[in-house]
Amino acid sequence: MRCANCNKDWPAGVKFCGDCGNQLTAAAPSGLSPAQANVNEQLKRLLPRIGLGLFREIQPGHHICQHGSTHVEVRVIDFGGKVAVRSVAPVAIGSRLDAELLRFLLNKNAGLAFGAFGINEQNIVIFSHTILASSMDVEELGASVNAVLLMADQYDDQIVRHWGGKTMKDTVMDQVLPPNILHLLRLAESRR
């Protein structure tokens, strides 16, 4: 168990922190710590107010919203002992991860004030932004989530054009539409 006051770890069953004396509490049944569960409740109240549409909680502390040609995931996370909220949008799936793409992403990151491009464990190019929950309000949360969506939408087509792969829109269409309809749609797009 971890002390919510000083972040010192203690074995299960210990009732008080041996460093600061704070009472230790077990993690909530959801798998979230009590502090994370509180932030998750705050997220549930704030997400509908940022004006992006319906967010679904797919598991405790993990919310998702489809928006335009992509989607955004908003998660409650531990950030060095503090509770934070991380927004992530996939940008390109299956792109060629060569030195040129990595240089492109790093150059873009160097010019950004907030957020960053990255590559997740599934080799998907993502854009993410994290805010501390202690200062989170509807404006800050909305700015964070909107920035992530804007960057994903702004760069997905460019990355796919140069390094291959698919945008989220293409990936979703591949999973939903029958192959003959997909073929007709792609023919129509190529004629534009």
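Which elements do the buried residues of α2 pack against? In this predicted model, they pack against β5, β6 and α3 (138-163). Before getting to that helix, a quick look at the whole chain helps.

The average pLDDT of the protein chain is 84, and 78% of the residues reach at least 70. One weak spot is the stretch 173-177, where pLDDT drops below 50; leaving aside near neighbours in sequence, that stretch still makes seven contacts in the model. Where pLDDT is low, the predicted coordinates are not something to read in detail. Five helices and six strands make up the secondary structure, and along the sequence they come in the order α-β-β-β-β-α-β-β-α-α-α. Of the 192 residues, 35% are buried. Taking contacts between residues at least 6 apart in sequence, 49% link residues at least 24 apart. The chain exposes about 11,100 Å² of accessible surface, and carbon and sulfur atoms account for 54% of that.

Among the strands, β4 (residues 82-92) is a good place to start. This strand is mostly covered, with nine of its 11 residues buried. Strand β4 pairs with β3 (residues 70-79) in the antiparallel sense, over seven bridges, and also with β6, again antiparallel, through eight bridges. On the β3 side, phenylalanine 79 sits opposite lysine 82 of β4. The hairpin that β3 and β4 form has two residues between the strands, and glycine 80 there adopts a positive phi near 60°. On the β6 side, arginine 86 has threonine 130 as its bridge partner.

Another positive phi turns up just before β6. Asparagine 123 lies in the loop between β5 (116-119) and β6 (125-132), and its phi is near 60°, a positive value in a residue other than glycine. That deserves a remark, as most residues other than glycine have a negative phi. Asparagine 123 is partly exposed, because its relative accessible area is 43%, between the limits of 20% for buried and 50% for exposed.

Back to the helices, starting with α1 (residues 34-46). At 1.5 Å a residue, its 13 residues should span 18 Å, and the end C-alpha atoms are 19 Å apart, which agrees. Gln36, Val39, Asn40, Leu43 and Leu46 are the buried residues of α1. Viewed down the helix axis, these fall within an arc of 125°, so they line one face of α1. The spacing makes sense in general terms: an α-helix has 3.6 residues a turn, so residues three or four places apart point the same way. Asn38 and Arg45 are exposed on the other side of α1. The cover over the buried residues of α1 includes β1 (56-59), β2 (62-67), β3, β4 and α3.

Helix α2 (residues 99-110) can be read in the same manner. Its 12 residues should span 16 Å at 1.5 Å a residue, and its end C-alpha atoms are indeed 16 Å apart, which agrees. Here the buried residues are Leu101, Phe104, Leu105 and Asn109. They take up an arc of only 135° around the axis, which means that they are on the same side of α2. Leu106, Asn107 and Ala110 are exposed on the other side of α2. As for the opening question, the buried residues of α2 have β5, β6 and α3 as packing partners. Helix α3 is also part of what covers the buried residues of α1.

Key: Residues numbered from 1 in each chain as written. Predicted model: local features only at pLDDT ≥ 70, side-chain atom pairs only at ≥ 80, totals over all residues. Heavy atoms only, no water. pLDDT = per-residue confidence, 0-100. Contact = heavy atoms within 4.5 Å. Helix = DSSP H or I, 4+ residues; strand = E, 2+ residues; numbered from the N terminus. Buried < 20%, exposed > 50% of the residue type's maximum accessible area, 1.4 Å probe, protein only. Areas by Shrake-Rupley, 256 points an atom, 1.4 Å probe, with all protein chains shown as cover. Pairing = 2+ DSSP bridges. Expected span 1.5 Å × (residues − 1). Arc of directions from axis to C-beta.
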